[in-house]
Amino acid sequence: MKSRIYSFSLFCIWISIILLDQYTKWIFEKWIFLWSNHPECIDTTHNLIQCHTLTQYKILGDWLWFERMYNVWIAFSLPIHGGILKILTVFLVVFLVMYYLKIEQKKKSKLLDLGYIFLLWWALSHAYERIFYWYVVDFIRVKYFAVFNIADIFISIGAMCIIYYYFSYDKSK
């Protein structure tokens, strides 16, 4: 019974993660960039109408701003794109899921589970965008760094959890 509850919890987290990722991108795409400094874009019935959009919205001066970017390349804008990236994305996600289920899940570590949940489920959200839209919407820019999104943050947190596990807990192996 505990196993089913745990599996159901993981499934709920997965659905929540994908919905949160897509929702944040929708919010930034449709509201932050469309309506910011463009009151002429709102008609009397509050329907969405065509207008020019912002490409940047500064938050902390020159250090942090929202900037819409359609990332057709892989992480950190490395120049791999197109059909090769779709195939690579699917292969990598399937490989990581199989690796986790066959090897890592047996270790029964909540930290490791959390790391893989963040890493895999957010990666699945990126994979969905890459397969169906050919790009990932990025919208957070930090000075001297790449443009990224919420999913990238959680992928990084997941990777840090996994690395921390191996450096702290898995020394006996």
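A residue counts as exposed when its relative accessible area is over 50%, and as buried when that area is under 20%. The model shown in these views is a predicted one.

**View 1. Lys 108, a residue in the loop between H2 and H3.** With a relative accessibility of 72%, Lys 108 lies over the cut-off of 50% and therefore counts as exposed. Its backbone is also worth a careful look, since Lys 108 has a positive phi of about 55 degrees although it is not a glycine. Most residues other than glycine have a negative phi.

**View 2. Tyr 144, a residue in the loop between strand E3 (136–142) and strand E4 (147–148).** Here too the backbone has a positive phi, of about 65 degrees, although Tyr 144 is not a glycine. The relative accessible area of Tyr 144 is 72%, so this residue is classed as exposed.

**View 3. The whole protein, with its four helices and four strands.** Followed from the N terminus on, the elements come in the order α-β-β-α-α-β-β-α. The protein has 173 residues, and 32% of them count as buried. If one takes the contacts with a separation of 6 or more, 60% of them are made by residues 24 or more positions apart.

**View 4. The largest nonpolar core, which has eight residues.** Its members are Leu 96, Tyr 100, Leu 112, Tyr 116, Leu 119, Leu 120, Ile 162 and Tyr 165. Helix H2 (83–104), helix H3 (110–133) and helix H4 (150–168) are the elements that give two or more residues to this core, and H3 gives the most, with four residues. In soluble globular proteins, nonpolar side chains tend to be buried together. For a closer look at one member of the core, the reader can turn to Tyr 116, which, when its neighbours within four places in sequence are left aside, is in contact with Tyr 99, Tyr 100, Glu 104, Trp 121 and Ile 162.

**View 5. Helix H2, with its buried residues and the face turned away from them.** At 1.5 Å a residue, the 22 residues of H2 should span 32 Å, and the end C-alpha atoms of the helix are 30 Å apart, which agrees with that expectation. The buried residues of H2 are Leu 85, Lys 86, Thr 89, Val 93, Leu 96, Tyr 100 and Glu 104. Seen down the axis of H2, these buried residues fall within an arc of 120 degrees, so they line one face of the helix. An α-helix has 3.6 residues a turn, so residues three or four places apart point the same way. What covers the buried residues of H2 includes H3 and H4, whereas the face turned away from the buried side carries the exposed residues Ile 84, Ile 87, Phe 91 and Lys 102.

**View 6. Thr 89, a residue of helix H2.** The relative accessible area of Thr 89 is 12%, which is under the cut-off of 20%, so Thr 89 counts as buried. Apart from its neighbours within four places in sequence, Thr 89 is in contact with Ala 127 and Arg 130.

**View 7. The largest cavity, with a volume of about 30 Å³.** The structure holds one cavity of 30 Å³ or more. The residues that line the largest cavity are Val 72, Gly 82, Leu 85, Lys 86, Arg 130 and Trp 134. Two of these names, Leu 85 and Lys 86, may be familiar from the view of helix H2, where they are listed among the buried residues.

**View 8. Asp 21 in helix H1 (residues 2–35) and Ser 125 in helix H3.** Asp 21 has a relative accessible area of 0% and is therefore buried, and Ser 125, also with a relative accessible area of 0%, is buried as well. When residues up to four places away in sequence are not counted, Asp 21 touches Trp 122, Ser 125, His 126, Glu 129, Asn 149 and Ala 151. Ser 125, counted in this way, touches Ile 18, Asp 21 and Gln 22. The view also allows sequence and space to be set side by side, for Ser 125 and Ile 15 are 110 residues apart in sequence and 9.8 Å apart in space, taken from C-alpha to C-alpha.

Key. Residues are numbered from 1 along each chain as its sequence is written. This is a predicted model: local features need pLDDT of at least 70, side-chain atom pairs count only at pLDDT 80 or more; totals for chains, interfaces and linings use all residues. Side-chain values use heavy atoms; hydrogens and water are left out. A nonpolar core is a set of buried Ala, Val, Leu, Ile, Met, Phe, Trp, Tyr and Cys residues joined through side-chain atoms within 4.5 Å. Buried means under 20% relative accessible area, exposed over 50%, partly exposed in between (1.4 Å probe, protein chains only). Contact means heavy atoms within 4.5 Å. The expected span of a helix is 1.5 Å times one less than its number of residues. The arc is that of the directions from the helix axis to the C-beta atoms. On a 1 Å grid over the protein atoms alone, a cavity is a set of points where a 1.4 Å probe fits but cannot get out, and a pocket is an open set with protein on both sides within 12 Å along at least five of seven lines; lining residues have an atom within 4 Å of a point. Grid points are joined across faces, edges and corners, and a volume is the space filled by probe spheres set on the points.
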